[in-house]
Amino acid sequence: MSWVRQLARPEIVALTAFEPASWEAGVTRLNANELPWRASEDESLAGLNRYPDPLARALTARLAEVYRVAADSLLVCRGSDEAIDLLVRAFCRAGEDSVLICPPTYGLYRLAAGIQGAKVVSVPLIADQGFSLDSQAVLERCTGEVKLVFLCCPNNPTGNLLSESAILQLADTFAHRAIVVVDEAYIEFSQRESLAAHIGRYPQLAVLRTLSKAHGLAGARLGTLIADPEVIRLLRKIIAPYAIPQLIVEAVTTLLSPLHLRTLQRRIAQVRAERTRLREALAELANVTEVFLSETNFLLARFKDPAAALSRAGDARIRVRDVRTYPGLSDALRISVGTPGENDRLLEAWT
Ligand SMILES: *Cc1c(COP(=O)(O)O)cnc(C)c1O
């Protein structure tokens, strides 16, 4: 039996996937109980009276080019949030298996585990070493019941990268035992290359990418899981049928053009420059005690009086993220890098 089938929940391995109506171009579709007429003002390419391609092949192929991976190692999901949920549901038996997380980190890993009834093993990042990965502790705590290790790189809400060699070493050590899921939601803002290129050599590595951050397409709700093709085939069994709406497929397949990719590079450069400026200005403020280095489009800062900072931002009709409930961040706020004008207004409110 393959390692994927051994690791996954047996009920999921045993499932027969729902067979959607076949989706070929140029045939008369009398197989899906669709209405044969378009709604009167429907100007979509395929017609919204038709179900979308269940495999979202056009979009999958385009994203495979954008992320430079093979199309069969890629699953397009409704945000990476759905990919996290699918992974937990496919690999963790309720009440028995665990996910390992490294807080302070993205809250959805714990939530997805909670929804599935999976346990959570928590191995904190090392706060006084720039929130670096505690590989030794991860190794020690990764017992047989841990099926997924979630690593967020760059990490939300701390903004730092985790050591690439440490991640790959963990993937190597956990071979056939657990999947190391690297969430690269912010990787475009960093100087780091995606680990997706390593999936051939480390099949137990899985990478999450999203269009929600650097690509500026959060409203499209599109995230991508890049993993061993057998993991992808397994998750296809449990993703909702026709998950990606036709309007999104059409809009985003067109949007991911060479022009978009050039604009993306310019936007990333703008965010980085503005991130540096905002960081230096925040560090000068009397209420700010520390601003962390960031490889993302946000900054994490510690305040003498975070409540006052929140209320003054609120008076200026600006929202920043209150992260004081995260372990070790009881005096911290997370600030997304906005336009220069927006950042100026925030600085003004805090001066
Ligand atoms: C924003 C974010 C995502 C993106 O989620 P989507 O569902 O793709 O919008 C994923 N992971 C982290 C850590 C994030 O901060």
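How far does a polar side-chain atom of R221 lie from an oxygen atom of the ligand? The distance is 2.7 Å. The legends below describe close-up views of a predicted model.

**Figure 1. Polar side-chain atoms of R221, Y186 and S212 beside oxygen atoms of the ligand.** R221 places a polar side-chain atom 2.7 Å from a ligand oxygen atom. For Y186, the distance from a polar side-chain atom to an oxygen atom of the ligand is also given as 2.7 Å. For S212, the corresponding distance is 2.6 Å. Taken on its own, the ligand has 380 Å² of accessible area, and the protein covers 94% of it.

**Figure 2. The shell of residues around the ligand.** There are 14 residues around the ligand, and those that come nearest are S80, D183, T210, S212 and K213. Sorted by class, the shell consists of five nonpolar, five polar and four charged residues. Helix α4, which spans residues 79-91, gives the most to this shell, with three residues.

**Figure 3. Strand β6 and the side chains on its two faces.** Strand β6 covers residues 205-210, and six of its six residues are buried, so the strand is largely enclosed by the rest of the structure. L205, V207 and R209 point one way from β6. A206, L208 and T210 point the other way, and all of these residues are buried. T210 is also one of the residues that come nearest to the ligand.

**Figure 4. The pairing of β6 with strands β5 and β7.** Strand β5, made up of residues 179-183, pairs with β6 in the parallel sense over four bridges. Within this pairing, V181 has A206 of β6 as its bridge partner. Strand β7, made up of residues 223-226, pairs with β6 in the antiparallel sense, again over four bridges. Here the bridge partner of L208 is L225 in β7. A206 and L208, which take part in these bridges, point the same way from β6.

**Figure 5. R9 in the loop between α1 and α2.** The loop that holds R9 lies between helix α1 (3-7) and helix α2 (10-14). Is R9 buried or exposed? R9 has a relative accessible area of 15%, so it counts as buried, the cut-off for this being under 20%. Apart from neighbours within four places in sequence, R9 is in contact with R89, A90, F91, C92, R93 and Q116. Helix α4 spans residues 79-91, and R89, A90 and F91, among the contacts of R9, fall within that range.

How values were computed:
Residues are numbered from 1 along each chain as its sequence is written. This is a predicted model: local features need pLDDT of at least 70, side-chain atom pairs count only at pLDDT 80 or more; totals for chains, interfaces and linings use all residues. Side-chain values use heavy atoms; hydrogens and water are left out. A residue is near a molecule or strand if one of its heavy atoms lies within 4 Å of it. A polar contact is a pair of N or O atoms within 3.5 Å; within protein, one must be able to donate a hydrogen and the other to accept it, and residues adjacent in sequence count only if both atoms are side-chain atoms. Accessible areas come from the Shrake-Rupley method with a 1.4 Å probe; for residues, only the protein chains shown count as cover. Ala, Val, Leu, Ile, Met, Phe, Trp, Tyr, Cys and Pro count as nonpolar, Asp, Glu, Lys and Arg as charged, and the others, Gly among them, as polar. Buried means under 20% relative accessible area, exposed over 50%, partly exposed in between (1.4 Å probe, protein chains only). Contact means heavy atoms within 4.5 Å. Two strands pair if DSSP finds at least two bridges between them.
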